[in-house]
Amino acid sequence: MTDITSQTEAALLAIAAADSLDMLEAQRLETLGKKGWVSLALKTLGGMTPEERTAAAPAIQSARASVAGALEAKKAALEAAELEAQLAREAIDLTLPAQAAHKGSVHPVSQVMDELAEIFADLGFAVATGPEIEDDWHNFTALNMDETHPARAMHDTFYFPDKTGDGKDVLLRTHTSPVQIRSMLAQGAPLRLIAPGRVYRSDSDATHTPMFHQVEGLVIDRDIHLGHLKWTLETFFKAFFEREDIVLRLRPSYFPFTEPSVEVDVGYSTEGGRRIVGGHGDAPGHAWMEIGGSGMVNVRVLEFAGVDPAEYQGFAFGLGIDRIAMLKYGMNDLRAFFDGDGRWLAHYGFSPFDQPTLSAGVGARA
Ligand code: DAH
């Protein structure tokens with residue numbers, strides 16, 4: 001009797017002291033488990049006489065009841081504490097301000113390509129494309145640069161180890177000019193197109209990256225002359241920079257695929273430390289900046305591309321897209337274009353809803 005009372009007291013103390021569900025389970029096994037002392041005590045009732053049983057049973061039953069009650073209460077308490085702890089661990093601070101995640105934006109290069117397409121579409125130019133993996137013939141030979149031509153050395157070309165089926169070198173196109181050849185071969189004359197896209201040269205510093213962007217322009221028709229070229233470029237740059245005071249200077253130059261060839265400079269202001277396009281390059285506080293090459297399409301190129309030079313002639317131009325994007329949007333490090341830095345993109349990128357249109361302004365920021 002005293003035995004059961006003291007055993008019960010000890011068990012209740014141990015249950016109260018259990019500070020984990022594991023410890024509590026150990027207590028349950030020691031008491032109510034198959035071999036626990038309460039269960040063993042209950043079993044002894046079967047071997048007793050009715051009188052003995054009547055005397056012993058109440059103490060054993062009440063020990064069982066109080067131990068079971070204590071176990072149950074402690075279990076509930078430990079589970080509640082565990083839940084509390086978990087809720088505290090997983091707490092969300094609802095007072096934090098909602099953070100607007102950067103949703104992605106249109107890269108300035110893509111935006112400028114869209115602006116180019118919009119402006120030139122208004123002048124009747126289609127957009128043409130060609131492969132970035134080119135062959136030697138389209139990238140060089142058909143543009144009047146045969147194997148021994150010194151101008152080839154100016155293009156630090158990435159070559160592939162394999163050759164085409166007919167033994168030509170395979171390379172990453174070094175300019176968008178091969179699209180001229182492909183378009184003339186595919187469509188014949190007359191035609192009017194721009195070809196924006198990626199080009200590759202093994203070159204890398206603050207102003208050169210191994211991949212950059214150009215836009216090629218090509219107009220083939222009857223009676224085309226340099227005046228058409230100058231007007232077209234002037235009209236384009238006025239629309240692109242959204243100002244009337246664009247002054248272009250055409251400087252005699254040399255490209256194998258044009259004859260005559262001119263380099264195109266645009267006047268800009270140097271005041272205020274930032275380059276602002278506009279004005280005459282020789283005016284005070286102004287200078288000229290080269291923005292591209294151009295010229296009348298070389299007769300040899302027309303012949304390579306299957307266009308009859310007796311009937312047709314044309315002009316072509318090539319502009320650096322990254323460079324005109326930097327000029328228009330005031331960016332000064334070309335490498336940032338290709339870093340993929342979210343902060344740069346958040347600052348210089350465009351909303352997808354900011355579609356360039358001539359009526360709303362090709363460069364308007366939403
Ligand atoms: N393809 C030349 C380059 O990458 C640029 C160029 C110059 C393109 C004159 C032309 C052109 O169409 O007429 O350096």
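Start by selecting K230, which is partly exposed, with a relative accessible area of 30%. This is a predicted model, so keep that in mind as you click around.

Now add E234 to the selection. The side chains of K230 and E234 meet in a salt bridge, 3.5 Å from N to O. Both residues sit in helix α8, four residues apart, or about one turn of the helix. That spacing is handy, because an α-helix has 3.6 residues a turn and residues three or four places apart point the same way.

**More salt bridges**

There are 19 salt bridges in the structure, so let's visit a couple more. Pick D265 and R251: their closest N and O atoms are 2.7 Å apart. This pair links distant parts of the chain, with D265 in strand β8 (residues 258–269) and R251 in strand β7 (residues 248–255), 14 residues apart. Is D265 buried or exposed? At 2% relative accessibility, D265 counts as buried, while R251, at 27%, counts as partly exposed. Add R249 and E263 too, and you have a network of salt bridges linking R249, R251, E263 and D265.

Next, jump to K163 and D169, a salt bridge with its closest N and O atoms 2.6 Å apart. Here K163 is exposed, at 51% relative accessible area, and D169 is partly exposed, at 25%.

**Helix α5**

Select residues 108–122 to bring up helix α5, which has 15 residues and reaches 21 Å from its first C-alpha to its last. Colour P108, V109, Q111, V112, E115, L116, I119 and F120: these are buried. Look down the axis of α5 and the buried residues fall within an arc of 155°, so they line one face of the helix. What covers them? Among the elements doing so are β5 (191–200), β6 (211–221) and α8 (226–241). Just after α5, stop at G124, which takes a positive phi of about 85°.

**Aromatic rings**

F120 also belongs to an aromatic cluster, together with F125, F236, F237, F240, F241, F315 and F317. While you're at F240, show K328: its charged end sits over the F240 ring, 4.4 Å from the centre.

The structure holds 14 aromatic pairs. For one of them, select W137 and F304: the ring centres are 6.1 Å apart and the planes lie at 80°, so the pair is edge-to-face. W137 is in helix α6 (residues 136–139) and F304 in helix α9 (residues 299–304), so the pair ties together parts 167 residues apart in sequence. W137 is partly exposed, at 23%, and F304 is partly exposed as well, at 27%.

How values were computed: Residues numbered from 1 in each chain as written. Predicted model: local features only at pLDDT ≥ 70, side-chain atom pairs only at ≥ 80, totals over all residues. Heavy atoms only, no water. Helix = DSSP H or I, 4+ residues; strand = E, 2+ residues; numbered from the N terminus. Expected span 1.5 Å × (residues − 1). Buried < 20%, exposed > 50% of the residue type's maximum accessible area, 1.4 Å probe, protein only. Arc of directions from axis to C-beta. Contact = heavy atoms within 4.5 Å. Phe/Tyr/Trp six-rings, centres within 6.5 Å; stacked < 30°, edge-to-face > 60°. Lys NZ or Arg CZ within 6 Å of the ring centre and 35° of its normal. Salt bridge = Lys/Arg side-chain N within 4 Å of Asp/Glu carboxyl O.
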